[in-house]
Amino acid sequence: MTEERGEPVAVDFNEAITKVNHRGRAQYLVVLVASTTWVANAIGFALPIFVGRSVDRVVVSCGDDAVGCNVGAHLEGNAGCDSKDTRWEFLQQGQSVVSEWSLVCDREVMRPWLGTAFFFGNLCGNLFLSPLIDRHGRVPCACIFTFLQGVFGAICALSPSFTVYLVARFGMGVAFVMAGLAAWLLSCEVTNATESSNVMIAMNSAWALGLVAIVPAALLVPLWRPLTWIHVLLSSIISCAWLVAWRWGLDSPAWLAGRGDMEGFDRTMTAISQANGTQFNRIECKGEEQFRSYRTTTEVHTGSANRQTLMDILCTWSGACQVLAFCLAFSACSLGYYGLAMNAGNIGDNLYVSSVLTALAELPGVWVAKPLMDSVLLGRRGTLFLSILLSGIFCLAATTHPASSQFVVIVSIFGKTCVTTAYSVVFVHSCEAFPPQVRGVLAGVFQMVSRCAGLLIPVVVFFPHPLPYACIGIFLMIAAFPLQVLRETRVVPESAALTMSSSQFRQVKAEHEHTSVD
């Protein structure tokens, strides 16, 4: 990885990417690799659901003073924990980390640490490492952190103690968020603004596919260590694909242009044109030497044509409001999405059926997001507002019936679908609203806020029904209305383009040619 940078390059990116085909084989290949990265991320995220599941315990002996003790009886919950005269064993030793390290009775309080360690790793990754994506590039970060996911996964599979396992899960959390974020940014930056919603559908569908795929894998491989090795193998294969792109010197053309790497930009655009069977005209796209100082401008600006930094955006009223509103949106989506996911046990008694239904509930939310966010009526902002508001309403509706009722199950699924739509839209919207030089940092900030809200979820869902639904629903409804301050990016495709618009570029070039003639 290199930190060398030149002057920002003024390129007519929309016109250039259109001429090399903004929806060709190159884009499909990038989205495919990025989507498989998200499949691996989803499997790694869902592993604790299966490797940390409860294992049946059976009574093997009863003391003389034991009351109601029957040899061979199956114990549930904390049954048999308080009796010194009752001896029990796990029915299948080593089937999960619970039986591996006896996380029952007085050690049961350690089981939530499986998820907490992972989310804390997400938080630390966003807080300390997200600038690496803007500093060193999308492809190197995707490669390194996907590989590290496999490394930490291998440590999990080989863990001799629960402490080592938790440390490895923390490392997986760090690698998870960095690999996923780098893959997402690259997918958005190899095409034009009109394809952002299609990228969103592909990536989020891949996430849901990963959540579904782990269910048959857990059925076929019930032991937790071999199941973990499946995730390690998948992460290793994907990191090899990223390594090939890294070795060829390829990266996001928008990021390369933004840092003034004209050689890297030409190399990447040439590779895209060759894969798509088109022609790349270097001179027309990068302009003459005199055009290098011109910068991309978006509506969140400082009034300067120089390189924008995070402080430039935060020091303006409009920029600060945008950042705060997106922080609120991400925290609301996180609380709603993960909160409803952790309540999946209310759907039924079968762990595998509950997991599949929870994952499948996301697909309608992902698929309806594109037509809604691209519509003139709603756009990005309207879809985000409406989906968060409806999810909050469904959650509050669930508080009116007992937890075991079918009504609660139905409205929970609808609430999960709506908040999935919001999550799909907020990624696209936040990516389009800011220039590429700060997208990695801001995406890390937004994800950090999201993970902070996620750390509260185990506490929220611990409350008895209907308090979890009430807390989630109230927060979602309150968070929806301030989102109206967000600017709409659907009607301004140049805001998602990472350079000058076509008209701006032609005007600058004409002025320069006129000056040269004079």
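1. A cavity is a set of grid points where a 1.4 Å probe fits but cannot get out, and the residues counted as its lining have an atom within 4 Å of a point. The notes below apply this to a predicted model.

2. Searching the whole structure gives 4 cavities of 30 Å³ or more. The volume of the largest cavity is about 310 Å³.

3. What lines the largest cavity? Its lining has 18 residues, and those nearest the centre are Trp38, Trp207, Tyr338, Phe427 and Arg451. Several helices take part: α2 (25–51), α7, α8 (196–220), α14 (317–342), α18 and α19 (436–462) each contribute at least two lining residues.

4. Helix α18, one of these contributors, spans residues 406–432 and includes Lys416. Is Lys416 buried or exposed? Its relative accessibility is 4%, so Lys416 counts as buried, the cut-off being under 20%.

5. Leaving aside residues up to four places away in sequence, Lys416 is in contact with Tyr337, Leu340, Ala341, Thr358, Ala361 and Glu362.

6. On the surface, Phe147, Val151, Ile155 and Val164 form a nonpolar patch of about 290 Å². Which helix gives the most to this patch? Helix α6, residues 138–157, does, with 3 residues.

7. Val164, also part of the patch, belongs to helix α7, which covers residues 162–189. Val164 has a relative accessible area of 30% and is therefore partly exposed, a class that lies between the limits of 20% and 50%. Helix α7 also supplies at least two residues of the lining of the largest cavity.

Key:
Residues are numbered from 1 along each chain as its sequence is written. This is a predicted model: local features need pLDDT of at least 70, side-chain atom pairs count only at pLDDT 80 or more; totals for chains, interfaces and linings use all residues. Side-chain values use heavy atoms; hydrogens and water are left out. Helices (H or I, at least four residues) and strands (E, at least two) are DSSP runs, numbered from the N terminus. Buried means under 20% relative accessible area, exposed over 50%, partly exposed in between (1.4 Å probe, protein chains only). Contact means heavy atoms within 4.5 Å. Patches are made of residues with over 30% relative accessible area and no salt bridge: like charges are joined within 9 Å, nonpolar side chains (Val, Leu, Ile, Met, Phe, Trp, Tyr) within 5 Å. Accessible areas come from the Shrake-Rupley method with a 1.4 Å probe; for residues, only the protein chains shown count as cover. A salt bridge is a side-chain nitrogen of Lys or Arg within 4 Å of a carboxyl oxygen of Asp or Glu. On a 1 Å grid over the protein atoms alone, a cavity is a set of points where a 1.4 Å probe fits but cannot get out, and a pocket is an open set with protein on both sides within 12 Å along at least five of seven lines; lining residues have an atom within 4 Å of a point. Grid points are joined across faces, edges and corners, and a volume is the space filled by probe spheres set on the points.
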